[in-house]
Amino acid sequence: MPNSIPEAPAGGGSDTARPWWLGGLVVALGCLCLYGAFSLPQAARYAGIGPGLFVTLVGGGLVLLGLILLLQIARDEQFIPQDTEDASGGESAHWPAFFTALAAALAPIFTIERLGMPITAMLSFALVAHAFGSRKTVVNVLVGAVLGALSWLLFTRLGLQLGGFLPMAGI
Amino acid sequence: METFSLLLQGFGVALQPINLFYALLGSVLGTAIGVLPGIGPALTIALLLPVTISVAPTSAFIMFAGVLYGAMYGGSTTSILINTPGEAGSMMTALEGNRMARAGRGASALATAALGSFVAGTIATLLLTFAAPAIAEIAFYFRPADYFALTVLAFTSVAVVMGSSRVRGFVSLFIGLALGLVGIDQMTGQARLTFGVPALFDGMELAVVLVSLFAVGEILYVASRYRKNASEIVPMRGWAWMSWEDLRRSWKPWLRGTALGFPIGALPGGGSEIPTMLSYTLERRLSKHPEEFGHGAIEGVAGPEAANNAAAAGILIPLLTLGLPTSATAAVLLAAFQNYGLQPGPFLFTNNPELVWGLIASLYVGNVMLLVLNLPLVGLWVRLLSIPAPQLYAGILVFATIGIWGVSNSVVDLIAMVIIGIMGYVMRVYDFPIAPVLIGLILGPMAEQQLRTALAAGQGNPVVLVSTPLSVAFLVLAGLFLLAPVVLRRLRAGA
């Protein structure tokens, strides 16, 4: 009886898939804006509104939208991940790859001032390539270093300030 | 007549060797990023922004226009040959174009796409040439209340039309508005939403937010769900060309596509998805061979491709005449204008005629260049696809870091890059549209300023906001846009 297969477990079973935190996050963002707006004057003397009013409006809007989103989630709103080139929304997340790529994005925060652009580029490049499944690590490290060094030379020449080439060595 | 002489002067600017060079550079870059996955025109222009400090504004905008148009040409190539529409606007092209390529008619599909883009781009530029000064003329009479209503219209339409859910569209928009509030308030000098971080006093740069959302968010998303592209490239070498029969079947769809694409592209929130979809539906209805649709009908490539390109030209109308961006690409172009201390709008036409008309003239030049670059060299562009994805995405992150670090050498920007990048990841997983964030970020401050100016002029009485017929009309339209999803859903069902 192919017609009688239940499509999804009804009731409490699907609760784990409901992203309550998403709505909560939007509400929290709104509250953050409202908190920031508290210290600002809402009305200026001549203009009807001061610097705080727009902040209050945006914060209030976010809280309201977050609440609507929570309501939608309670009503089983479906969130379908976007399809892009090279990625299928239907697949579940591969977390090691995600965190490797995240490490690549985090690396510059710690390295760019002390180690400079070329070494930062080398690290980021090798990490992203690893996240995408490339295991030719030595080649990737080299390509990243060359790409970083060449970009540094080119963009510095174009007038962009990118910091030292190798600040640790004083260059 | 005045327009003609201004346009001639524009050609004088656009045909200077240095500007021709930038047009070529933009066209080549644009086509390349159109072919490559993971990188689009908005991201490319954002990454080029820091470089522009050493380039004259006219040359920079000529290059950006080349990127904008080139991405359209490049996008159609991948849609046809590997069935991967890089953006919503080329979805319809992939539908018929890839079938044609599989049936061995790839050359015809590419040719009708390129020639259609050329015809549409040229006609749309012609329309832009004459419509823009007229609209700019009207915009002189806009009052702050009108401008505020117009931004409300832009916000509503963008939040509603882009993406699948109104609520999520508005969440994106409001996040953008909140980000736009960060920094010193221009009218009173008070710090807002900076939470004591001095690096935030200057506000959030659009380039930083855009690069984080489009590059970092995309890399995180694709890395976590990466699957090797299974669809193989339909081999294609040498020229893209078409027969007389193909041409006979193509020219009407080109013109109809242009007629649909240009006006819809000029509307706030119009974008390229709706006109291409409309064009596809229209061509299927009008075709003498409706049975071919779904199996590689050339009209199904010709019409949507023309509509796509015409829509890209259409976004320049509100941008240049009103300073109103209606897409992510337009938002970053507006940021570029602001980087040069220029404010697009009616005064741009009177204060910087050289820039405006040079830019418009360069669109004609760019179209010719792109045709020459794309018809004979299509085999060369396809080779770009042999760059393996791991190294390609790694390279994108390196350039994103350079782009963000180059803005102001600020570690806070790099931290923002990661946070906003994670936000971009979440937005992709939970299907939030991204463009409204950017529109909110760049238009929010303008909306607030107009609101405050209007209210100041009206001594705080909110009635001033609906005191002109135009402002009422815009606000009513904004209200109507809230109903748009229902109409759109019917359209989709019909497509």
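The following exercises, each with a worked solution, concern the predicted model shown above.

Residues are numbered from 1 along each chain as its sequence is written, and chains are lettered from A and ligands numbered from 1 in the order in which they are written. Local features need pLDDT of at least 70, side-chain atom pairs count only at pLDDT 80 or more, and totals for chains, interfaces and linings use all residues, while side-chain values use heavy atoms, with hydrogens and water left out.

**Exercise 1. Describe the architecture of chain A.**

Step 1. Assign the secondary structure, taking helices (H or I, at least four residues) and strands (E, at least two) as DSSP runs numbered from the N terminus. Chain A then has four helices and zero strands, in the sequence order α-α-α-α.

Step 2. Consider the domains, whose bounds come from an automatic or database domain assignment. The assignment for chain A gives domain 1 (18–83) and domain 2 (95–169). Their C-alpha centres lie 37 Å apart.

Step 3. Evaluate burial, where buried means under 20% relative accessible area, exposed over 50%, and partly exposed in between (1.4 Å probe, protein chains only). Of the 171 residues in chain A, 41% are buried.

Step 4. Examine contacts, meaning heavy atoms within 4.5 Å. Among the contacts in chain A with a separation of 6 or more, 55% join residues 24 or more positions apart.

**Exercise 2. Characterise the interface of chain A and chain B.**

Step 1. Count the residues: 73 residues of chain A are in contact with 73 residues of chain B.

Step 2. Obtain the buried area, which is the accessible area (1.4 Å probe) that two parts lose on being put together, summed over both. The value is about 6500 Å², and carbon and sulfur atoms give 74% of it. A:Glu85, A:Asp86 and A:Phe132 supply 14% of the area that chain A buries against chain B, more than any other three residues.

Step 3. List the polar interactions. A polar contact is a pair of N or O atoms within 3.5 Å; within protein, one must be able to donate a hydrogen and the other to accept it, and residues adjacent in sequence count only if both atoms are side-chain atoms. There are 11 residue pairs in polar contact between the two chains, both residues being at pLDDT 80 or more.

Step 4. Locate the side of chain A that touches chain B. Helices α1 (20–38), α2 (51–74), α3 (95–131) and α4 (137–157) of chain A each supply at least two of its residues. The largest share, 19 residues, comes from α3(A).

Step 5. Classify these residues, with Ala, Val, Leu, Ile, Met, Phe, Trp, Tyr, Cys and Pro as nonpolar, Asp, Glu, Lys and Arg as charged, and the others, Gly among them, as polar. The side of chain A that touches chain B has 49 nonpolar, 19 polar and five charged residues.

**Exercise 3. Analyse the salt bridges and their surroundings.**

Step 1. Apply the criterion: a side-chain nitrogen of Lys or Arg within 4 Å of a carboxyl oxygen of Asp or Glu. The structure holds 12 salt bridges over all chains.

Step 2. Treat the interface. One salt bridge is found across the interface of chain A and chain B. A:Glu77 and B:Arg168 form a salt bridge with their closest N and O atoms 2.5 Å apart.

Step 3. Examine the pair B:Arg428 and B:Glu218, whose closest N and O atoms are 3.0 Å apart. B:Arg428 lies in helix α18 (residues 411–429) of chain B and B:Glu218 in helix α8 (residues 206–224) of chain B, so the salt bridge ties together parts 210 residues apart in sequence. B:Arg428 is buried at 3% relative accessibility, and B:Glu218 is buried at 9%.

Step 4. Turn to helix α9 (residues 244–266) of chain B, in which B:Glu245 and B:Arg248 lie three residues apart, about one turn of the helix. Their salt bridge has a closest N to O distance of 3.2 Å. B:Glu245 is partly exposed, at 38% relative accessibility.

Step 5. Compare the salt bridge of B:Glu299 and B:Arg249, at 2.9 Å from N to O. This pair links helix α11 (residues 299–314) to helix α9 of chain B, 50 residues apart. B:Glu299 and B:Arg249 are both buried.

Step 6. Identify a network: salt bridges link B:Asp185, B:Arg192, B:Glu448 and B:Arg452.

**Exercise 4. Identify residues with positive phi in the loop between β2 and α8 of chain B, and state their exposure.**

Step 1. B:Leu193 lies in the loop between β2 (191–192) and α8 of chain B. Its phi is near 50 degrees, a positive value in a residue other than glycine. B:Leu193 is buried, at 10% relative accessibility.

Step 2. B:Phe195 is found in the loop between β2 and α8 of chain B. B:Phe195 is not a glycine, yet has a positive phi of about 50 degrees. With a relative accessible area of 44%, B:Phe195 is partly exposed.
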